[in-house]
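User: I would like to go through the two ligand sites of this model and hear the reasoning behind each label.
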Amino acid sequence: MPRLLLDCDPGHDDALAILLAAKHSDLLGITTVSGNAPLTATTHNALLTLQIAGIEAPVYAGAARPLVAEAQHAPDIHGASGLGGPVLPELTQAAAGGDAVRFIVDTVRETDGVWLVAVGPLTNVALALREAPDIAARLAGISVMGGSAGFGNRTATAEFNIWADPEAAQVVFTSGVKLIMCGLNVTHQFMIYEDDVARIRALNNPVAEFAAELLSFYGQAYADAFFGRAEGPLHDPCAVLAVTHPDLLVTEPRHVEVELRGEHTRGMTVVDERGARASTKPNVQVAYRINREGALALLVETLGTYR
Ligand code: BDR
Ligand code: CA
């Protein structure tokens, strides 16, 4: 199983990414970042997810705000708490003492072959690469949920995680590290519908029930914000699966730049699709396809293994 650090901002799809990563990787730890909700909430939500699922992994709180931009959140999709929907228990565990960035740097320096899966704004990851550029060569790679080879969601051109901290994203995309990008063009192929939520609920264990409650809130939020139908894209699980089950995705090498200045395009990932005509060099494996049926079957099977 791959060794994995998960940097996240739970977040409904982040919580599902945690539940997948815990069963299909050697999960070394979880780091949290400001994103879907403020840092105190995303840290609380990560700890709650572990508590509900009985997962043992240290949680380190990281950056409370982006490198340059003001902190922005996504209550329209995730609720003000970041984890709207289920009735949540009292939290009985605390975050580990110490900072997420220090934890990432130390873990990557001490452990061979670590994959960093980053499914929130890239602030912690950028700070770690800035503080310790040597970790770029030590990492097996970074799998990012962020950006898009196509449309945006927070703006017409920009995806939320990159839009929330474009300066951090630029540090990561220019770091020379092996990078996989699971953007909206692929995560919107991993859509979850009401029937799927019913299938998950019927697994009849408390973790599957928690997942089903999350997913029905999330589907409704997407219905209200975007589609008019209860269906939600499982963004963050895609970045975990790109590492744990790479056969489920198809990726292609591309040159990708993060737009920092455009009036209508700040936070956009500009993907060079010119093929042989491009003078740029690929710096990212961009995911273009996911086997939805396979990924969904794996998710349902995994949730069925919790008690
Ligand atoms: C990303 O933004 C968040 O709302 C999700 O958790 C995901 O990481 C999708 O744009
Ligand atoms: Ca996220």
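User: What makes D9, D14, V119 and D236 donors of the calcium ion (ligand 2)?

Analyst: In this predicted model, the calcium ion is coordinated by OD atoms of D9, D14 and D236, with D14 listed twice, and by the O atom of V119, at 2.3 to 2.6 Å. For Ca the cut-off is 3.2 Å, so these oxygen atoms count as donors. Along the sequence, the donor residues follow the spacing D-x4-D-x104-V-x116-D. D14 and V119 thereby link distant parts of the chain, 105 residues apart, with D14 in helix α1 (residues 12-24) and V119 in the loop between β4 (114-118) and α5 (123-131).

User: Are D14 and V119 buried or exposed?

Analyst: Both D14 and V119 are buried, a label that stands for under 20% relative accessible area.

User: Why are the approaches of D14, N36 and N161 to ligand 1 called polar contacts?

Analyst: An N or O atom in the side chain of D14 is 3.0 Å from an oxygen atom of ligand 1, while polar side-chain atoms of N36 and N161 lie 2.8 Å and 3.0 Å, respectively, from an oxygen atom of this ligand. The limit for such a pair is 3.5 Å, and therefore each one qualifies as a polar contact. Of the 280 Å² of accessible area that ligand 1 has on its own, the protein covers 97%.

User: Which helices each supply at least two residues of the shell around ligand 1?

Analyst: They are α1, α7 (160-164) and α12 (235-244); the residues surrounding ligand 1 include D13, D14, F160, N161, H235 and D236. The space that ligand 1 takes is the largest pocket.

Notes: Residues are numbered from 1 along each chain as its sequence is written. Chains are lettered from A and ligands numbered from 1 in the order in which they are written. This is a predicted model: local features need pLDDT of at least 70, side-chain atom pairs count only at pLDDT 80 or more; totals for chains, interfaces and linings use all residues. Side-chain values use heavy atoms; hydrogens and water are left out. Donors are N, O and S atoms within 2.8 Å of the metal (3.2 Å for Na, K and Ca); water is not among the atoms, so sites may look incomplete. Helices (H or I, at least four residues) and strands (E, at least two) are DSSP runs, numbered from the N terminus. Buried means under 20% relative accessible area, exposed over 50%, partly exposed in between (1.4 Å probe, protein chains only). A residue is near a molecule or strand if one of its heavy atoms lies within 4 Å of it. A polar contact is a pair of N or O atoms within 3.5 Å; within protein, one must be able to donate a hydrogen and the other to accept it, and residues adjacent in sequence count only if both atoms are side-chain atoms. Accessible areas come from the Shrake-Rupley method with a 1.4 Å probe; for residues, only the protein chains shown count as cover. On a 1 Å grid over the protein atoms alone, a cavity is a set of points where a 1.4 Å probe fits but cannot get out, and a pocket is an open set with protein on both sides within 12 Å along at least five of seven lines; lining residues have an atom within 4 Å of a point. A molecule sits in a cavity or pocket if more than half of its atoms lie within 2 Å of its grid points.
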